[in-house]
Amino acid sequence: MAHTFEDLVELERAAEAAHAQYLADDTDPAEARQAWIDAAAAFQRAVTEHAEAEGSSRYEVEMAVKKAVRHGEG
């Protein structure tokens, strides 16, 4: 399934939120860590699929998404 750029932005935000939760979680760090890993993996898969579908560089797609997230775009 091809992902839109907006999908990628949302997946990156979810991965960042999961990472923040992992860093803050005092109750079950193993569960929080797994949630972070799963969210990050979903983002990476989606970036790869998007880049392949668009004929773009995977690196350029990932950096564009991360820039959009940093600047509150998308």
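This report describes the fold, the third helix and the nonpolar core of a predicted model.

## Overall architecture

The chain contains three helices and zero strands, and its elements follow the order α-α-α from the N terminus. Its C-alpha trace extends over about 45 × 25 × 15 Å along the principal axes.

Of the 74 residues in the chain, 26% are classed as buried. The exposed surface amounts to about 4800 Å², with carbon and sulfur atoms supplying 52% of it. When contacts between residues at least 6 apart in sequence are considered, 59% of them join residues at least 24 apart.

## Helix H3

Helix H3 comprises the 13 residues 58-70. At 1.5 Å a residue, this helix should span 18 Å, and its end C-alpha atoms are indeed 18 Å apart, so the expected and computed values agree.

The buried residues of H3 are Val 61, Glu 62, Val 65, Ala 68 and Val 69. Because they cover an arc of only 125 degrees around the axis, they lie on the same side of H3. Helix H1 (5-24) and helix H2 (29-54) are among the elements that cover these buried residues. The face turned away from the buried side carries the exposed residues Tyr 59, Glu 60 and Arg 70. After H3 comes Gly 72, which has a positive phi near 70 degrees.

## The nonpolar core

In soluble globular proteins, nonpolar side chains tend to be buried together. The largest nonpolar core in this model has ten residues: Leu 8, Val 9, Phe 43, Ala 46, Val 47, Ala 51, Val 61, Val 65, Ala 68 and Val 69. Each of H1, H2 and H3 supplies at least two residues of this core.

## Glu 62, a buried residue of H3

Glu 62 belongs to helix H3. Its relative accessible area is 12%, under the 20% limit, and the residue therefore counts as buried.

The side chain of Glu 62 is joined to that of Arg 58 by a polar contact of 2.8 Å. Leaving aside residues up to four places away in sequence, Glu 62 touches Phe 43, Gln 44 and Val 47. Two of these partners, Phe 43 and Val 47, are also listed in the largest nonpolar core.

## Arg 13 in helix H1

Arg 13 is located in helix H1. With a relative accessible area of 27%, which falls between the 20% and 50% limits, Arg 13 is partly exposed. The C-alpha atoms of Arg 13 and Ala 2 are separated by 18 Å, the two residues being eleven residues apart along the chain.

Key. Residues are numbered from 1 along each chain as its sequence is written. This is a predicted model: local features need pLDDT of at least 70, side-chain atom pairs count only at pLDDT 80 or more; totals for chains, interfaces and linings use all residues. Side-chain values use heavy atoms; hydrogens and water are left out. Helices (H or I, at least four residues) and strands (E, at least two) are DSSP runs, numbered from the N terminus. The expected span of a helix is 1.5 Å times one less than its number of residues. Buried means under 20% relative accessible area, exposed over 50%, partly exposed in between (1.4 Å probe, protein chains only). The arc is that of the directions from the helix axis to the C-beta atoms. Contact means heavy atoms within 4.5 Å. A nonpolar core is a set of buried Ala, Val, Leu, Ile, Met, Phe, Trp, Tyr and Cys residues joined through side-chain atoms within 4.5 Å. A polar contact is a pair of N or O atoms within 3.5 Å; within protein, one must be able to donate a hydrogen and the other to accept it, and residues adjacent in sequence count only if both atoms are side-chain atoms. Accessible areas come from the Shrake-Rupley method with a 1.4 Å probe; for residues, only the protein chains shown count as cover.
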